[in-house]
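Please open the model in your viewer and keep the sequence panel visible beside it. The tour below proceeds by selection, one stop after another.

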Amino acid sequence: MGKALIAASVGAVATLGMVVLPQVPASAAPADLIIEYQCNAVGENSIARNGPVMLKTNLTFATDLSVGDPLNLTWKLAYTGDPRRLLSPGYFRRGGQVHATGHVDLRGDWTGVLMPRGVSDPERRLRPDDVLGLPESINDPGLTNRAGTISITPGDIDLDFFPPDGEVVYNDGPDADNPSGMGIVYSNGWGSLDDLPSSEKHVHNDLHETTVEGAFAELTFVGTGVKYIGPTDKDASPVNIYIDDKLVATVNPSRNGNDNPVNHDMAGGKTLWELTPPLPYGKHKIKIEKVGATGFMWLDAFEVSTTTPETPTGFHGAKCSPVGNPSTVQVTVGEGTDPTDPPTDPPTDPDDPPTDPDDPPTDPDDPTDPDDDPPVDDGNSDNGVDDAVVNPQTSGTATSTPTTASPTATKYYRAQVAKTPSGGVDTGVAPAEPERPYALMAGGMALVMGSAGGGLLLRRRRAAHAGGAR
């Protein structure tokens, strides 16, 4: 088969011819194929034995995948407007189911047959020719393991019926109880006794009887076992029992289990004979025959049993084939994302506040809140701050005797200037205070005051001199 596609159920390899494929772009929508099927009987016990049954199916699957994505074929089944249906092949207790297996041809980079499967809901108690339900859908998911192209073409669908374990009674009543000729068949010489007393415990309170030597009744059934049910009575005659036309036993309902004669009349609903060991599952026939010219032979019912594990696959099968040529669709499997690629940055939460690019970096190992004021030097060397550093919040400097200390991590503090002065550079440190010429200013003031005082003294001397001259 060469290259493997799917870690799922893959059938036998099919060597098929080339098919011209439509070009389906990788971004195409999922395939959605409507396909009509005709189902024909496989063998005489088929659930489609009364003629072809038409189905309308809907197959969907993705056409654009990446490596690791699931390739999941989902196939829905339904009856069309055609009145023919799948039918029960016999009497079965509650729980029988229809199984469906599809076939999908794979070509291109992979070659093989994919087999989606499905099962119907359990059936109610069935009689011959009761309509059977279909599986709602069949599917077969699997994971693609590498890139390439797959050409997908729908093929046949196989149907089968699997009965439940258990027993079901074939009564000897009217045709309504045994439709389609699959009920009990009576030879000439039989009479029907209806509306018998319930105290006699006959199935459906009815009974068939004959006094004719060689008269018989037979039932063709599908199952693994069968019982002959009737009354014990002092006037009963011996009865030969045949399975598949072979004499297997002779019973006498006028005698009990110890072979002693009975003295009662019409003790109905008794198991007069039971087949052991079970038969292989399939179609079989039981026949009872009256022995001797005297006495009566009665038949109340046959009880048929089924053992599901003995049911061979395909015994009730039907093969459904597409009407016309179904479309072929191309599926593209891309490379996808390499799991070894480095991860990308996670997306930013739109609800997060924006980050101020002017904020200084924060050391993630610093337990100190950067919004706190920096510590003030107290002249000791135990506060984590070098004692010889100028404290910007005090005038002058503080000194201390150097001490030996362990290295400490660098600490960052918020700048002491709220905003950068116009035209300045944001260094994170407040600009130094400009030095003012206090001495020069004092000298100037002294010079001014001296000049003023000297002028006043000169005027006084002039005035005195002037007065002395007179």
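Is R124 buried, partly exposed or exposed? Select R124 in this predicted model: its relative accessibility is 38%, so R124 counts as partly exposed. Now add E123 to the selection. The side chains of E123 and R124 form a salt bridge, with an N to O distance of 3.2 Å. E123 has a relative accessibility of 7% and, because buried means under 20%, E123 counts as buried.

**The whole chain**

Next, zoom out and display the entire chain as a cartoon. The chain has 470 residues, and buried residues make up 34% of them. Its secondary structure consists of one helix and 23 strands. If contacts are displayed, consider those with a separation of 6 or more: residues 24 or more positions apart account for 77% of them. Switching to a surface view shows what the chain exposes, about 27700 Å², of which carbon and sulfur atoms supply 53%.

**The disulfide**

Select C39 and C320 and show their side chains as sticks. A disulfide joins C39 to C320, with the two sulfur atoms 2.0 Å apart. C39 belongs to strand β1 (residues 31-41) and C320 to strand β22 (residues 318-322); the pair therefore links distant parts of the chain, 281 residues apart. The torsion about the S-S bond is about 105 degrees, so this disulfide is right-handed. Both C39 and C320 are buried. The count of disulfides comes to one.

**A three-stranded sheet**

Select residues 190-193 and 297-299, which are β12 and β20, together with residues 207-210, which form β13. These strands make an open sheet in the order β12-β13-β20, with antiparallel pairing. Strands of a sheet pair through backbone hydrogen bonds. β12 and β20 stand at the edges and have a single partner strand each, so one side of each is left without a neighbour in the sheet. On average, neighbouring strands of this sheet are turned by 25 degrees against each other, direction ignored. To inspect the pairing of β13 with β20, look for three bridges in the antiparallel sense. As a landmark, select H208 and then L299, its bridge partner in β20.

**Further salt bridges**

A search of the whole structure finds ten salt bridges; two further stops are suggested here.

Select K234 and D265. Their side chains meet in a salt bridge, at 2.3 Å from N to O. K234 lies in the loop between β15 (225-232) and β16 (239-243), and D265 lies in the loop between β17 (246-251) and β18 (267-274), so the pair ties together parts that are 31 residues apart in sequence. K234 counts as partly exposed, at 39% relative accessibility. D265 is also partly exposed, with a relative accessible area of 46%.

Finally, select D245 and K285. The side chains of D245 and K285 meet in a salt bridge, at 2.9 Å from N to O. D245 is in the loop between β16 and β17, whereas K285 is in strand β19 (residues 282-290); the pair links distant parts of the chain, 40 residues apart. Which residues join D245 and K285 in one network? Add E218 to the selection: salt bridges that share partners join E218, D245 and K285 into one network. D245 itself has a relative accessibility of 55% and so counts as exposed.

Note on methods:
Residues numbered from 1 in each chain as written. Predicted model: local features only at pLDDT ≥ 70, side-chain atom pairs only at ≥ 80, totals over all residues. Heavy atoms only, no water. Disulfide = S-S within 2.5 Å. Helix = DSSP H or I, 4+ residues; strand = E, 2+ residues; numbered from the N terminus. Buried < 20%, exposed > 50% of the residue type's maximum accessible area, 1.4 Å probe, protein only. Pairing = 2+ DSSP bridges. Axes fitted to C-alpha atoms, helices over the stretch in contact; angles between N-to-C directions. Contact = heavy atoms within 4.5 Å. Areas by Shrake-Rupley, 256 points an atom, 1.4 Å probe, with all protein chains shown as cover. Salt bridge = Lys/Arg side-chain N within 4 Å of Asp/Glu carboxyl O.
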